[in-house]
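Subject: Handover of a structure

Dear colleague,

Please find the structure below, together with its sequence. I would be grateful if you read the notes after it with the structure open.

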Amino acid sequence: RLQPSMEDHVRAAKENIGFVEPIPGMQVRRTDKLIEEAELVPVEAYMSSIERYYDNQKKGAVKRVYLATDEPAVVTELQTKYPDYTFLSDMATVTGANNVSEASRFSADMHVGM
C-alpha cells in the first residue's frame, strides 16, 4: 500500500496528465538502457500489444496510452506514427530524465517522478 504522501503525488500526477482508466501503458527506455543493457526496441513492437488491446475494446473507444519514457523524441515519434492515439505522459519528467547526472539518475526523487 502506498504511503499517504505518495498517494497524493500519484493522484496529482494523474490529474495533471488527464489519466483515465482503464488505460494500457508502456515504458520505453532509451537513454540509460541503451548504454549498457539492450538494443533499441522499435516503437512498433510496443504498439502491437496496444493495438491488440484496442482491437478487443468496443468500437469508437478513445485510444489513450499511458507512456513512461526517458526520451522526448519517443513521444513525438509515437504521436506522428499513431495519430489516432492519445499518449498521456508527464513531459516534465520525460525531459527531466535527460538532464540529470548519472549519480542522481537512481535517486529517490527521480523514481518518484517516473
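The notes below cover confidence, one helix, the aromatic rings and one threonine.

This is a predicted model, in which local features need pLDDT of at least 70 and side-chain atom pairs count only at pLDDT 80 or more, while totals for chains, interfaces and linings use all residues. Residues are numbered from 1 along each chain as its sequence is written, and side-chain values use heavy atoms, leaving out hydrogens and water.

The mean pLDDT (the predictor's confidence in each residue, from 0 to 100) is 80 for the protein, and 74% of the residues score at least 70. Confidence is highest in helix 3 (residues 43–55), at a mean of 95, and lowest in helix 7 (residues 108–113), at 51. Helices (H or I, at least four residues) and strands (E, at least two) are DSSP runs, numbered from the N terminus. Where pLDDT is low, the predicted coordinates should not be read in detail.

Five aromatic pairs were found in the whole structure. In one of them, Y53 and Y54 meet edge-to-face, with 4.9 Å between centres and 85° between planes; rings of Phe, Tyr and Trp (its six-membered ring) pair if their centres lie within 6.5 Å, and planes under 30 degrees apart count as stacked, over 60 as edge-to-face and the rest as tilted. Both tyrosines belong to one aromatic cluster with Y82, Y85 and F87.

T69 lies in strand 2 (residues 64–69). The side chain of T69 has a polar atom 2.6 Å from the backbone oxygen of V28, and this side chain also reaches the backbone nitrogen of E71 at 3.2 Å.

Yours sincerely

Methods: A polar contact is a pair of N or O atoms within 3.5 Å; within protein, one must be able to donate a hydrogen and the other to accept it, and residues adjacent in sequence count only if both atoms are side-chain atoms.
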